[in-house]
Amino acid sequence: QVQLVESGGGLVQAGGSLRLSCAASGNFVRVNAMGWYRHTPGKQRELVATVTSGGETNYADSVKGRFIASRDDTKNTVYLQMDSLKPEDTAVYYCNADVKFIFGSPRTYWGQGTQVTVSE
């Protein structure tokens, strides 16, 4: 059983910052790629950022230059530093992780989601 536990969401004014964390726990060999997605009611879930096991990052155009994704493999944790937040960043943010086990293929797991609200 693998759990992803997120933290760090909240309410912030436009221009402010928040830092999200997502820690993976359970019996696995390692965590491969980790990522952040967001969902707003009425829209499809959107990729925000990904971090490979080698530390390479990829960002949605809408957050480039404002968000930074990073990871600490000693803690099996991925972070999302969000600066210069805009009201359109308001969404539920979900982390996911591609987890490798001793046996079988890697599987993808999702966190429970954390609300980020950016006011005008």
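Student: Leu4 first: buried or exposed?
Tutor: Leu4 is buried, because its relative accessible area is 6%, and buried here means under 20%, with exposed over 50% and partly exposed in between, using a 1.4 Å probe and protein chains only. This is a predicted model, in which local features need pLDDT of at least 70 and side-chain atom pairs count only at pLDDT 80 or more, while totals for chains, interfaces and linings use all residues. Residues are numbered from 1 along each chain as its sequence is written, and side-chain values use heavy atoms, with hydrogens and water left out.

Student: Where does Leu4 lie, and what does Leu4 touch?
Tutor: Leu4 lies in strand S1, residues 2-7; strands are DSSP runs of E with at least two residues, helices are runs of H or I with at least four, and both are numbered from the N terminus. Setting aside residues up to four places away in sequence, Leu4 touches Cys22, Ala23, Ala24, Cys95, Asn96, Ala97, Tyr109, Trp110, Gly111 and Gln112, where contact means heavy atoms within 4.5 Å. One of these, Ala23, is 19 residues from Leu4 in sequence, with a C-alpha to C-alpha distance of 5.5 Å.

Student: OK, zooming out, how many helices and strands does the chain have?
Tutor: There are zero helices and eleven strands, and the elements run β-β-β-β-β-β-β-β-β-β-β from the N terminus on. The radius of gyration of the chain is 14 Å, close to the 14 Å of the globule rule for 120 residues, so the chain is as compact as a globular protein of that length; the radius is taken over C-alpha atoms, and the rule is 2.2 Å times the number of residues to the power 0.38.

Student: What box do the C-alpha atoms fill, and what share of residues count as buried?
Tutor: Taken along the principal axes, the C-alpha atoms fill a box of roughly 50 × 25 × 20 Å, and 40% of the 120 residues count as buried. Among contacts between residues at least 6 apart in sequence, 54% join residues at least 24 apart.

Student: And what about the area the chain exposes, and the charged side chains?
Tutor: The chain exposes about 6500 Å², with carbon and sulfur atoms supplying 48% of it, as computed by the Shrake-Rupley method with a 1.4 Å probe. There are 12 positive and 11 negative side chains, and the centres of the two sets lie 5 Å apart; Lys and Arg count as positive and Asp and Glu as negative, leaving out His and the chain ends, and each charge is placed at NZ of Lys, CZ of Arg, CG of Asp or CD of Glu.

Student: Switching to Thr77, which backbone oxygen does the side chain reach?
Tutor: The side chain of Thr77 reaches the backbone oxygen of Lys75 at 2.8 Å. Thr77 is found in strand S8, residues 77-82, and counts as buried because its relative accessibility is 7%. Not counting residues up to four places away in sequence, the contacts of Thr77 are Ser21, Cys22, Ala23, Met34, Ser70, Arg71 and Asp72.

Student: What about phi of Asn76?
Tutor: Phi of Asn76 is near 50 degrees, a positive value in a residue other than glycine. Asn76 lies in the loop between strand S7 (67-72) and S8, and is partly exposed, with a relative accessible area of 22%.

Student: And Ser84, where is the place of that one?
Tutor: Ser84 is in the loop between S8 and strand S9 (91-100), and has a positive phi of about 50 degrees although it is not a glycine. At 43% relative accessibility, Ser84 counts as partly exposed.

Student: In S9, what is Val92 in contact with?
Tutor: Leaving aside neighbours within four places in sequence, Val92 is in contact with Tyr37, Arg38, His39, Gly113, Thr114 and Gln115. Val92 lies in strand S9 and counts as partly exposed at 21% relative accessibility.

Student: Last two: which residues do Ser25 and Ile68 touch?
Tutor: Ser25, found in strand S3 (residues 18-26), is in contact with Gln1, Val2 and Gln3, leaving aside neighbours within four places in sequence, and is partly exposed, with a relative accessible area of 36%. Ile68 is in strand S7 and touches Tyr59, Tyr79, Leu80 and Gln81, not counting residues up to four places away in sequence. The C-alpha atoms of Ile68 and Ala49, 19 residues apart along the chain, are separated by 8.1 Å.

Key
Polar contact = N/O pair within 3.5 Å; in protein donor to acceptor, adjacent residues only side chain to side chain.
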